[in-house]
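Here is my note on the model you asked me to look at. Please read the points against the sequence and the coordinates.

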There are 4 protein chains.
Amino acid sequence: MSDANYDSYREDVVGRANVTDTPERVAYYKRLAELGTGALWTVANKIEPWEPASTSQPMLWRYNDLREDVLRALDLVTPEEAGRRVVYLENPGRSDVVAAVGWLYSGLQVMKPGECASSHRHSASALRFIMEGSGAFTNVDGQKLTLGANDFVLTPNGTWHEHGVAEDGSICIWQDGLDIPLMNALDANFYEVHPELNQAVNYPVDASVATWANAGLRPWGSTWDKRYSPLLKYEWAPTYEALQSYGRVTDGSPFDGVLMEYVNPDTGGPVMSTIGAHMQMLRPGERTKAHRQTGSFVYQCCKGKGWSIINGQRFDWQERDIFVIPSWMYHEHANASDTEDACLFAFHDLPVMRSLGLYREEALGENDGHQPIIT
Amino acid sequence: MSDANYDSYREDVVGRANVTDTPERVAYYKRLAELGTGALWTVANKIEPWEPASTSQPMLWRYNDLREDVLRALDLVTPEEAGRRVVYLENPGRSDVVAAVGWLYSGLQVMKPGECASSHRHSASALRFIMEGSGAFTNVDGQKLTLGANDFVLTPNGTWHEHGVAEDGSICIWQDGLDIPLMNALDANFYEVHPELNQAVNYPVDASVATWANAGLRPWGSTWDKRYSPLLKYEWAPTYEALQSYGRVTDGSPFDGVLMEYVNPDTGGPVMSTIGAHMQMLRPGERTKAHRQTGSFVYQCCKGKGWSIINGQRFDWQERDIFVIPSWMYHEHANASDTEDACLFAFHDLPVMRSLGLYREEALGENDGHQPIIT
Amino acid sequence: MSDANYDSYREDVVGRANVTDTPERVAYYKRLAELGTGALWTVANKIEPWEPASTSQPMLWRYNDLREDVLRALDLVTPEEAGRRVVYLENPGRSDVVAAVGWLYSGLQVMKPGECASSHRHSASALRFIMEGSGAFTNVDGQKLTLGANDFVLTPNGTWHEHGVAEDGSICIWQDGLDIPLMNALDANFYEVHPELNQAVNYPVDASVATWANAGLRPWGSTWDKRYSPLLKYEWAPTYEALQSYGRVTDGSPFDGVLMEYVNPDTGGPVMSTIGAHMQMLRPGERTKAHRQTGSFVYQCCKGKGWSIINGQRFDWQERDIFVIPSWMYHEHANASDTEDACLFAFHDLPVMRSLGLYREEALGENDGHQPIIT
Amino acid sequence: MSDANYDSYREDVVGRANVTDTPERVAYYKRLAELGTGALWTVANKIEPWEPASTSQPMLWRYNDLREDVLRALDLVTPEEAGRRVVYLENPGRSDVVAAVGWLYSGLQVMKPGECASSHRHSASALRFIMEGSGAFTNVDGQKLTLGANDFVLTPNGTWHEHGVAEDGSICIWQDGLDIPLMNALDANFYEVHPELNQAVNYPVDASVATWANAGLRPWGSTWDKRYSPLLKYEWAPTYEALQSYGRVTDGSPFDGVLMEYVNPDTGGPVMSTIGAHMQMLRPGERTKAHRQTGSFVYQCCKGKGWSIINGQRFDWQERDIFVIPSWMYHEHANASDTEDACLFAFHDLPVMRSLGLYREEALGENDGHQPIIT
C-alpha cells in the first residue's frame, strides 16, 4: 500500500471506517507494517464491500472466430508435446488465474482420428461438452464412454481419464470445463500421470449409462459411495426429449425458461462436488427477466440463436458460441427465433456456493425485470 | 400362561434360562402375576430366539383361481356401499392383522368403466400395480395419473387419493399394496375422508412423470421436501427397457437375476418411507441361488412363468400370480422358459428395516446354494 | 371371523364400508375364505380406524409393592440358571408380546455383590437406569462402565454386554428397558451368547465418558460410524445440573416442564436407532397441560413425587415408581410439592416413529388443556 | 504473459506439456491472445502442479511485540471513526487479500470499558478468542454473551453482532478470526449495518450456554435449523477440563497430542460452515511428529510455551503468540516444559476442505517423522 494514501477507502456512513490520515497515524501505520501487521480501518471498507463486486467480466467468444485457430493446433504441436491440444478462454479480469470466469477454467480441445492422450488424474473436477466430430471417446476409471455432439461427459476429481478419437472418426472439438483455478486457490491441487500412461478398459462400453440412465430405477445392491455421479455421460437425445416433456407441464422459470439440472441419480445432488451443470431451453420467442446469483456460469449455445444481457451488456450468440456470467451480475436471456427453440448448456460453481451456505439470488425489481442496455 | 407349565422354554445352554418349576417358584410366579409382572427367565428363551421365526407362511395365490371371484364383487356390492371393492389376501399366520405377509396388506381391486371412488387419505403408504383393463386412473393430491398394465403407481401416506376408470375404458383389476397392518401395530394409523368427497384436479395429467421421469435430470429450483417420491408413476415400457439395458452390462445378482429398485429420483432413496418396490428379470433358463433377508416381500409375476422355492417349498407361478416371502426364509427363483425372460414385481418393507438399522442378509452356504425341497 | 357376523364393522358414513350381510354375500365370503382371501369391506373400518386406538393400557407399578419380590429372586434362582434375575412388567393389553407398553419391554433386575452375568448380544436395543445399590457395572464391547443411582447406561443393539456388581458393592436393582417385542414383531431378532462367556475389558474404565461427555467438544479424528451413541453412560449429577441450568433460561414446555433428551453427541440424534430417552424436571408446584403423541413411553420417577393423568386416569407416583403412557393417549403431569422439584426419566420409541415419518402430536384444546378425571 | 517466454513451464516428463517456442508458435500465441484466449500447453504445468504450493508463508507474531501498538490504537482513533480498532496480521504472501494465511483473516481488537461498537452482519463467518481483560461481551442476534480469557465465541455469518466492554471492566484485547478473504474470493461477500445501530437484547444472558453446553443432552423440541452452532460460546474452564479428562484415556494423536474439536452440539459438525476450531494440549515434554494437511491454520498459544516446526522453520511460542500453518506444509509441535502442559487454540478452514471433498493429510515418513531444520 502506498504510504501517501491510507485513507482512500473512507466512507462517511455510520458503522463504516472513516479515519483521515494524520502524520501521527501515518507513522503508526508504517510502524505496524514493520511488524507484519496493519490497521484494519485503513482497508475495512475495501475488504468488506456492501455486496460482491466480481473482478470477472462478462464475455462472449464466437465459435466462428475461434474454430480455425483451434484446428491450427493440430499442425503446430503433437499430443505428446502438448499433453492436450487446447485453446483456453481467458477472462481479462482473471488472467492471473487462467480462468474464464470466477474460478472456472474452460478451453476448446481438438483431436484427430486415431489419437489418444495419456491418462492422468487430478484434484480438479472436469467435464466436457462435445461440439463437433464423430468417434470421440473418454475412458474414466476403466470404462470407455463414446461421445457425440451435445453429449455431456464427466471426468470427476480423482478419476483416471484420457481422451481419444477412433481411427474411423473425424476431427473432434469439444469444450473442456474444470475448476483448476479453484483447486489452486484452495491450495488443494494434486496431479498424477498414470503409471502405465494408458489405463486398461475393463467394463463394458458405456456401462455407466446402461446402469444408471434409467429414470426412477437403480441397480439393486449398488454400493456407490463416491461424491460424484455414477452416471458419467448424459446424452443429448434424452436430454432434449426431457426438456420437451417437462416443457409441456411447466410454465418454466421467469429467469431461465425450461431449465433442468444434470444430477447424480444416486442422490439427486449435483454431478460433482464442485461443479454443477444444466441444460435450458428458451421456447420460441421467449424473453426472460433478469436476476442475479452468487455463482459463476460458463454457457455454450448448443441449439438455435439469441442473446443474453449481462450487467447491461448485450451478447448475441448462436450455436457453439460460449459466454460467461460472473457472480452477482444481473442476466436475462432471449431466443431470437419465433419458431424454433434455443438450447443453452452451462456449467457453474453453485455446488460450492451451496455446500458452503453462500448461495443467494435476487430478481431485478425495476423496469418489469429488464435491464437497461449500456451502450 | 398356564400355571402348570412355567418351564416349557428351558434350554440347556450356558447363557440361556434353564430354571425348573418347583412349588416355591410356581407360588412366586403366581404372586408376580398378581402384581402385573412376571419372571423373565420363564419367557426369556421364547422372546429372545436365536434367530427370527416368522409367523407368516410362504403362500401363493393363483390369479386363475381368484379372477372370477374378484369380478363377482362388481355385482355383489356398489362402490358406495363398499368404499372399494377389494378381495384381500390373507396369510394364515397373520389373519389377526389382515396381512398377506409380515405387516404388509395386499388385495385385488376391481372397478367398472365410469366408476370413481371417493377420496381419502391415511397414514398407511399405498401402491397399486395394474393387472388388466384399460382406462384406469388415480388422482393424487390434485394430479391425475393414467394407468396401463404393469404400471406401478404410488399413493403415499398423507396424500389425498381416489381411483377410477374412464367411461370408455374396460373393467380394470389391480393389486393394492399397503402397510395398514404396520400402521396399526405402531398405533399410528389415521384416516380421513375428503371433505368434498372428490378432490379437484389442478395439475396437467401425468405432470409428475413429465417432470421427474427424466434420467439424470431434475427440474431447476424444485423444492420437493416430502419423504416420498415426486415421481408417482413408473410405467412399464421404460421399466422393461431399463432391465434390458442394465442386463446387457451386468452379471446380475446370484440371488435375484437382474433386479432394479424403483427409487425416488429426488434422493435415490426408496419410493416411500415404509414400503419399497422392485422389478426383476430372470433371464431365459436362469436359476438363482438361495438367500434370506430380514424383511417381507409380496411378489407378482408380470411376465413369463417359473417357480420360487421358499423355505423348502416350491411355488409355481405364471403371469398375475401373487406370492409372498416371509422374513428370514431362504428363497430362490427359476425361470421356466429357456427362450423368454420372466419378470417379477415386488413390494416390501426393506425401507423400514434399513431405517431402523435391522437389514441383514445371508446366502445359503450348503448344496451349492440350493434348498432341498420339502415334500 | 365368525360366519354369522360379517357386517359388524359397518359405519354409516360416506366413504366408509357399509355393507349389510345377505345370504348371497355370506356365501361369497365363505367362498373367499376357502381361497385364502376375504372381502376388504367386511374389515376395512376395523383396520382403518379414524385414529390410533392402542391396545396398551396406562399402568403404574409401585416400587414399594415390587421391591420385596424382586429381592426374593436372589434366593429363588441363581444367575447361572436364570441368565438374568429379572421381574418384568406386563401390560394387560400386551401380555402376548411381553411388553410394558406398545413394543417396549421393561423389567427390574437384581444382582448381588460379586456376581457377573455371562455376556451376550442381540438385535434388541437395551438400556438400564440404576435404582439402588452401589458397585454395579456394565461391560460394553470391551469397556467397563461404573454405575450409580439415576445413571443411565446404554447397551446398544449388536454390542456384547454383561452386567455385574463389584465384590465390595451392595445389592443392586436397576430398570432394564429393551425393544425385544419390536424386534420380534419385525421378525428381526437375533441372539448370541459370547463364545468365551465373558468378554475381555480392553479400554480404560469409563473411557466413553471421558472421551464424549464434553459439551461442544469432540475428539479429533474420531471415526465413529455406528448408529448408536459413542457416549454409553449419562451420569446423574451432570444431568441434574443441566436441568437446573436450562431451567434458568427457558419457560419450559407447557406439556412437560423442563425436558432434555439424552442424545448421541456425535450427531445430536437419539441415543439408539429404536429407543430414545429423556429426563424431565417439574418445577415446584408445576402442573402441565395435556397433549398426546404417536409413541409409547415408559417412565420412572427418580426424584420427588407427583401424579400424571393419562387418558383421564390419575396415577400418583413417587421415587422409583414406574408408569407407562400408550400411544395417542392424552397425558399431563403434576409435581405434588410446592418446594422441591420432581424428576422423571423416560424411554420411548420416538426414534422409530420419526425414522418412519409417523410422529405426530396434538394438544388438548378443551378445558384449558386439562383432562376431566374418569373415576 | 511476456512475449519472449512462452515455454518457461516446460517439463520433460511424459504426460506433461513440453513445447518449445518457435517463431510460428509464438505468432500463434499472439494471435490467440488477441482473441481472448491462450494455448493451454504454455501454462498447463504451472496451473496443474504436482502438489499444492501455497503462496502463504509460515509466520509467527509475538504478543510482546504487538501489544503496545495494539493499545496505542485506543488513543489514535475512536470506535466511531474506525468501526473497530483492530490491528490485522498480514502474511507477506497474501497481502493482496489481507489474509493471515490462505483465505483466513485475523486481527487483534482492543476496547475500553464502557465502549460498545455498532452492530452489523456479513457473509463472513467470525469468531473471537479472548486474550486479556475483563468485562468483554458480544451480542449475537439478541443474546448477550459474557467473555473471559481463553473463551471462544462465535459470531456466525448472517448474525447481527456487536462487541463491547462493561463500564466496570478493564481494557480488553481479543483475537478476531474471519474468512473475509474467502468470501471476497468467492464473490459472495455482503455487508449490512444494523438499521438501529445497536440491536435489542431479548434473551437471558448466556442463554445459549445454559441451553446447549450440556454434554449428551439437548432441549426437547428444539427446531434449530441454522448451519452454525446454537452454542455460541465455549468457555475455557470446561474446555481445559475436557482436555484433562480425554487425556487420561487416550494416547493422543502422534501429530497433535490431545486435540479436541469445538463442535456444533446439534449435529456434531463444525461450529460454522466455513471455519472450524480446536483446542489441543501438549503434555509435559511432548514432541509430536510431522504431518501435512490441505487446509490453513491460525494458532494462538493460550497456555505454556514451546515451539512448532513448519516447513523446516522453527517458531518458538509462548502465551498469546500467534502463528500460522499454510496448506500442505509439514508441521510438528513441542512443549518446552517437562512439568506443565501447553495449550494451543486454532481456527482453520477444514470445514471448507471437507465440504468440497478436498481434505487430505500425509505423515512425514522419513527421519522418524521429524523435519530437518532449515537454518
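The points below cover the conventions, one chain interface and one sheet.

1. This is a predicted model, in which local features need pLDDT of at least 70 and side-chain atom pairs count only at pLDDT 80 or more, while totals for chains, interfaces and linings use all residues. Residues are numbered from 1 along each chain as its sequence is written, chains are lettered from A and ligands numbered from 1 in the order in which they are written, and side-chain values use heavy atoms, with hydrogens and water left out.

2. Between chain D and chain A, 84 residues of chain D are in contact with 84 residues of chain A (contact means heavy atoms within 4.5 Å). The two chains bury about 7,600 Å² between them, and 61% of this lies on carbon and sulfur atoms. Buried area is the accessible area (1.4 Å probe) that two parts lose on being put together, summed over both.

3. Six salt bridges are counted between chain D and chain A (a side-chain nitrogen of Lys or Arg within 4 Å of a carboxyl oxygen of Asp or Glu). D:Glu48 and A:Arg84 form a salt bridge through their side chains, at 2.9 Å from N to O.

4. On the side of chain D that touches chain A, helix 3 (residues 63–76) of chain D gives the most, with seven residues. Helices (H or I, at least four residues) and strands (E, at least two) are DSSP runs, numbered from the N terminus.

5. Strand 1 (residues 37–39) of chain A pairs with strand 3 (residues 86–89) of chain D in the antiparallel sense, over three bridges; two strands pair if DSSP finds at least two bridges between them. In this pairing A:Gly38 is opposite D:Tyr88.

6. Chains B and C contribute strands to an open sheet of seven, in the order 1(B)-3(C)-4(C)-11(C)-6(C)-9(C)-14(C), with antiparallel pairing. Strand 1 (37–39) of chain B and strand 14 (233–234) of chain C are at the edges, each with a single partner strand, so one side of each has no neighbour in the sheet.

7. Within chain C, strand 3 (residues 86–89) and strand 4 (residues 105–111) pair in the antiparallel sense over three bridges, and C:Tyr88 stands opposite C:Gly107. Helix 3 (residues 63–76) of chain C packs on the sheet, touching strand 4 of chain C among others, at about 55 degrees to that strand. Axes are lines fitted to C-alpha atoms, for helices over the stretch in contact, and angles run from 0 to 180 degrees between N-to-C directions.

8. Which chains do not touch? Chain A and chain C do not, their nearest C-alpha atoms being 15 Å apart.
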